[in-house]
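Biologist: Could you take me through one part of this model closely, namely a pair of packed helices and what lies around them? Please begin with the chain as a whole, and then narrow down.

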Amino acid sequence: MDSLFNDMLSVQKKLVPEMVQILIRRYEILRAVATHEPIGRRNLSTLLGIGEKTVRNEISHLQEKLLLNVKNQGMTITEEGKELIENADQWIYYFKAMEDIEKELAHALNVKKVIISSTDSSNKSQIVQETARKTGLYLKSIISENMIIGITGGSTMAATVKEMQKYNCSKKDITVVPARGGLGEEVETQANNIAAGLAEKLNCAYKLLHITENLSKELLESLMAYPEIKETVDLIEKIDVLLFGIGRADVMATRRNLDQSKIDSLIKKGAVAEAFGYYFDNKGKIIDIVNTAGISLEQYHNVPHIIGAAAGVDKAEAIMAISQLNDNLVLVIDEGLANSILKIHKQKHNKS
């Protein structure tokens with residue numbers, strides 16, 4: 001963006017800051033309606049944390065501009081409204097100075113790139129959906145021929161597949177594989193199910209990993225010798241792109257059905273993050289290892305394209321820990337989480 005446009009934004013923010021606030025608020029209303037349509041005013045107010053009177057006034061304006069349809073069953077977005085959102089994405093990005101924050105955060109964490117989903121919504125599902133949408137967009141931007149794409153399980157990865165627009169990779173010879181075995185969670189958040197869903201969105205081939213984690217080391221090794229499982233494991237070892245959700249140590253330990261004494265021990269040792277069956281402290285040091293099926297930490301260090309996604313301010317320490325494992329990491333996180341990480345980083349820097 002050229003200096004003249006930068007100067008214009010700076011002047012506008014100083015002279016008429018309320019205009020920027022109104023623009024962002026109306027954009028977020030349109031984005032929320034597009035995601036949750038049909039939706040009523042009260043639910044929209046709760047979703048965005050905005051007063052009902054303000055929502056009612058803004059909806060009236062957006063309806064007059066033919067951007068929203070308002071009916072008894074709820075609001076829906078018009079085709080003109082959808083086009084406006086697509087065009088407004090970049091403007092909102094600049095108005096919020098996201099590029100500067102992304103660069104500052106990438107430097108602070110020493111990672112390849114940070115992508116911030118611009119949303120102030122206090123609703124967790126809204127934050128996850130917008131972060132997932134950004135994750136999918138970045139994935140599509142790096143896809144090339146003969147790639148093997150690995151994806152883990154979890155709610156953020158499930159949302160990423162759900163929010164992705166279809167992209168025809170039929171001529172690119174792409175294969176999608178689950179990067180992990182099952183963790184016993186719901187079917188919708190299992191790596192196998194998510195991998196198959198991603199392959200459907202990309203119109204490409206996929207292989208599944210029919211194996212559950214948390215088994216003994218001997219049993220895992222025995223199962224992975226089966227031809228069908230070995231075929232997928234061999235592909236996992238050749239992953240070109242890895243998509244994974246970043247989780248807190250305590251939450252992931254619970255998902256793994258560890259007993260409470262084990263969870264307490266992990267937390268006492270300082271575990272703040274989990275990835276690929278490894279628990280890490282805030283310096284990225286390994287605290288504990290569990291038996292897993294799928295990508296290993298050693299393989300993680302060699303993957304050409306690594307995309308880690310997370311949403312929610314409670315994951316700040318987990319992000320900071322995982323960021324220390326590989327400086328080739330591309331992080332996709334929400335605005336509140338980005339600000340939380342920067343705040344913690346500055347506090348630690350000031351103390352040192």
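Modeller: Of the 352 residues of the chain, 50% count as buried, and this, like everything that follows, is read from a predicted model. The chain holds 16 helices and 13 strands, and among its contacts between residues at least 6 apart in sequence, 70% join residues at least 24 apart.

The pair to look at is helix H8, residues 155–163, and helix H9, residues 191–202, which pack with their axes 9 Å apart and at an angle of about 20°. Angles under 35 degrees count as roughly parallel, and H8 and H9 are therefore roughly parallel to each other. The crossing in which H8 passes H9 is left-handed. On the H8 side the contact is made by Met157, Ala158, Val161 and Lys162, while H9 contributes Ile194, Gly197, Leu198 and Lys201. By character, the residues of this contact divide into 5 nonpolar, 1 polar and 2 charged. The spacing along each helix can be read with a general point in mind: an α-helix has 3.6 residues a turn, so residues three or four places apart point the same way.

H8 has other neighbours besides H9. Its buried residues are Thr156, Met157, Ala159, Thr160, Val161 and Glu163, and what covers them includes, along with H9, helix H7 (124–142) and the strands S4 (148–151), S7 (241–245) and S12 (305–310). Met157 and Val161 thus appear both among the buried residues of H8 and among the residues that H8 brings to its contact with H9.

On the way into H9 from strand S5 (175–178) there is a loop, and Ala179 is found in that loop. Ala179 has a relative accessibility of 0% and therefore counts as buried. If its neighbours within four places in sequence are left aside, Ala179 is in contact with Gly150, Ile151, Thr152, Ile239, Leu242, Ala293, Gly294 and Ile295. Gly150 and Ile151, both contacts of Ala179, fall in S4, one of the elements named above as covering H8. The C-alpha atoms of Ala179 and Leu209 are separated by 8.4 Å, although the two residues are 30 apart along the chain.

Elsewhere in the chain, an open sheet of 4 strands is ordered S8-S9-S10-S11 with antiparallel pairing, and its edge strands, S8 (247–248) and S11 (286–289), each pair on one side only. Within this sheet, S9 (residues 273–275) and S10 (residues 278–280) run antiparallel and are joined by 3 bridges, and Ala273 has Phe280 of S10 as its bridge partner.

Definitions and conventions. Residues numbered from 1 in each chain as written. Predicted model: local features only at pLDDT ≥ 70, side-chain atom pairs only at ≥ 80, totals over all residues. Heavy atoms only, no water. Pairing = 2+ DSSP bridges. Helix = DSSP H or I, 4+ residues; strand = E, 2+ residues; numbered from the N terminus. Axes fitted to C-alpha atoms, helices over the stretch in contact; angles between N-to-C directions. Parallel < 35°, antiparallel > 145°, perpendicular 65-115°, else oblique. Left-handed = near helix turned anticlockwise from the far one by under 90°. Contact = heavy atoms within 4.5 Å. Nonpolar A, V, L, I, M, F, W, Y, C, P; charged D, E, K, R; others polar. Buried < 20%, exposed > 50% of the residue type's maximum accessible area, 1.4 Å probe, protein only.
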